[in-house]
Amino acid sequence: MTTSQIRGRLAGDRLAQRWTQLYTSRLGAEVALERRDEIASDVHEHVAASAAAGRSRAATSRALAARMLLGIPADLSWRRHRLRGLHRAEKEKAMARHSSELADRLASAASFVVLGWIVLIGVVSGIASSRDGRPTDWVSVTLVVGLLGIAVAGLVRLLRGHAEAAYLLAVVALGSTFCFLWIPVIPLVGLVVAGSLITYGVTARRPPAEQVAG
Amino acid sequence: MVRRAAGQLLPLEVDLLSAGVALADRGEPEFHGYALAAALAEGADAKRLTAHGTLYKALGRLAEAGFLDARWEDPAVAEAQGRPRRRLYRVTGSGAVALAESRASDRFAAPVSRDGRGARRPAPSASPA
């Protein structure tokens, strides 16, 4: 009679396998499979050794059941430990996802601010020159249209997931505020917007810590 | 849950490492969980083997601490022999050092009998910790 034939009849074996299935549930496929395989291997070796030693099937079954029952507190403690680790990992993943979404929203908002700012410069300087009856300042128009084009291109690229476009928008934010150097608050706002866009560009392009470690 | 100081081995962990070193000395540097449980019971002259939960939890702790190396054997080997795959353990260098340190501190801490010899550690228990 082979070991597997003897094993099929042992209640202690079935009990150990069912208990293992139960306490490894919801622990993640890999962890559960490894523990189940380890117990299956242990039970197999136990049955084989008992059969080789000439022990009765009933005695082997009792021994298996006793090993299972006496190990329950340790199994439960091991499960608790594993579940805690699993919850911690899920929580960290959710937090990372949340902060990444927040950064994306902030970067988009900053880009729209830059875009709106350039449009405002164009409109205000257009109205001012027409009201004063001055001839059109083509240098300013070229500058505004150029910055506007770069800002639109940067925004489109950023919305398509190209984080490096944030650098382009930061340059536009700084460039457009140079027109108002005599009003200190405007270059300051430009610096803050450019700074936040650069920070976003750097952090969004950096691979996650776990990938670096792996 | 058992509390202990960092780096200090629990009695069951000392017994497992001792059994692992003994198996290695016998020419079995790699061993599976059941072989270790059987060696423990044999050494302690116990009738009952260490409980599954107690044994594998302790082995997991020792592997996490780097005192044991663990690997799954080639599934083809297990399949050829018609049995489930085994997880094979090996006592690492740091495991051997930790065991030696634990034994040394036990000897140091053990009460000295009238004839000047240190008290022996009790035989490892087969029941779960």
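Here are three short exercises on this two-chain model, each with a worked solution.

Before you start: this is a predicted model, where local features need pLDDT of at least 70, side-chain atom pairs count only at pLDDT 80 or more, and totals for chains, interfaces and linings use all residues. Residues are numbered from 1 along each chain as its sequence is written, and chains are lettered from A, with ligands numbered from 1, in the order in which they are written.

**Exercise 1.** Work out what secondary structure chain A has.

Solution. Start with the rule: helices are DSSP runs of H or I with at least four residues, and strands are runs of E with at least two, numbered from the N terminus. Now count: chain A has 9 helices and 0 strands. Read it along the sequence and you get α-α-α-α-α-α-α-α-α.

**Exercise 2.** Find out how many residues of chain B are in contact with chain A.

Solution. Two residues are in contact if their C-beta atoms, placed from the backbone, lie within 7 Å. By that rule, 21 residues of chain B meet 23 residues of chain A. On the chain B side, α2 (33-44) and α3 (52-64) each give two or more residues. The top contributor there is α3(B), with 5 residues.

**Exercise 3.** Find which residues have the most contacts inside the largest nonpolar core.

Solution. Such a core is a set of buried Ala, Val, Leu, Ile, Met, Phe, Trp, Tyr and Cys residues joined through C-beta atoms within 7 Å. Buried means 20 or more other C-beta atoms within 10 Å of the residue's own. The largest core has 28 residues, and L16(B), L36(B) and L59(B) have the most contacts inside it. Its biggest contributor is α2(B), with 6 residues.

Conventions
Buried ≥ 20, exposed ≤ 12 C-beta atoms within 10 Å, placed from the backbone.
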